[in-house]
Amino acid sequence: RKGLGLETWHVLGFSYGGYLSSLYAHFFPTSVDTLILHGRQDPLGESVALEILDYYKQANLVFIEKAGHYSWLEQPNEVLEAIRDKIGVSPKPVATE
């Protein structure tokens, strides 16, 4: 972030990308505001999200209902709403068929 001359940035990662995002949060804990999005029906179970929440004390956890491991594909509008609420931006809803 500093090397790019950025004062702040938003990093979004799902699945493995979420792991990479968490590494950044681990090494720079005072520089992050963490949002954990977890599908309520994720086969990994809720305990994974709860452990991450316990590790990142200032994090927020949002369970995405009717979603498994791919919540951004299964419930895109709910995911965008949670992100919007966290960062204060109003993204446009995703058209679903």
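I started with Lys-57 and Asp-54, and both are exposed (exposed means over 50% relative accessible area, buried under 20%, partly exposed in between, with a 1.4 Å probe and protein chains only). Their side chains meet in a salt bridge at 3.1 Å, N to O (a salt bridge is a side-chain nitrogen of Lys or Arg within 4 Å of a carboxyl oxygen of Asp or Glu).

I note that the model is predicted, that local features need pLDDT of at least 70 and side-chain atom pairs 80 or more, and that totals for chains, interfaces and linings use all residues. Residues are numbered from 1 along each chain as its sequence is written, and side-chain values use heavy atoms, with hydrogens and water left out.

**Salt bridges**

I searched the whole structure and found five salt bridges. I then asked which residues are linked with Arg-40 in a network of salt bridges. They are Glu-46 and Glu-65.

For Arg-40 and Glu-46, I have 3.0 Å between the closest N and O atoms. Arg-40 is partly exposed at 29% relative accessibility, and Glu-46 is partly exposed at 31%.

For Glu-65 and Arg-40, the N to O distance is 3.0 Å. This pair links distant parts of the chain, 25 residues apart: Glu-65 sits in the loop between S2 and helix H3 (71-74), and Arg-40 in the loop between S1 and H2. I took helices (H or I, at least four residues) and strands (E, at least two) as DSSP runs, numbered from the N terminus. Glu-65 has a relative accessible area of 42%, so I list it as partly exposed.

**Strands**

I looked at S1 (residues 35-39) next and found four of its five residues buried. S1 runs parallel to S2 (residues 60-64), and five bridges join the two (strands pair if DSSP finds at least two bridges between them). The chain passes from S1 through helix H2 (residues 46-55) to S2 in a right-handed β-α-β crossover (right-handed if, with the strands pointing away from the viewer, the path from the first strand over the helix to the second runs clockwise). I looked up Leu-37 in the pairing, and its bridge partner in S2 is Val-62.

**Ala-82**

Ala-82 lies in helix H4 (residues 76-87). I count Ala-82 as buried because its relative accessibility is 10%. Which residues does Ala-82 contact, leaving aside neighbours within four places in sequence? I found Leu-35, Leu-37 and Val-62 (contact means heavy atoms within 4.5 Å). Leu-37 and Val-62 are also the bridge partners noted above. I also checked Ala-82 against Leu-50: they are 32 residues apart in sequence and 17 Å apart in space, C-alpha to C-alpha.

**Ser-71**

I placed Ser-71 in helix H3. Is Ser-71 buried or exposed? It is buried, because its relative accessible area is 3%. Not counting residues up to four places away in sequence, Ser-71 touches Phe-14, Gly-39, Ile-64, Pro-76 and Val-79.

**Surface patch**

I last looked up a nonpolar patch on the surface, formed by Tyr-16, Tyr-19, Leu-20, Leu-23, Phe-27 and Phe-28, with about 650 Å² of accessible area together. Patch residues have over 30% relative accessible area and no salt bridge; like charges are joined within 9 Å, and nonpolar side chains (Val, Leu, Ile, Met, Phe, Trp, Tyr) within 5 Å. Accessible areas come from the Shrake-Rupley method with a 1.4 Å probe, and for residues only the protein chains shown count as cover. I checked Leu-23 of this patch: it is in helix H1 (residues 16-27) and is partly exposed at 31% relative accessibility.
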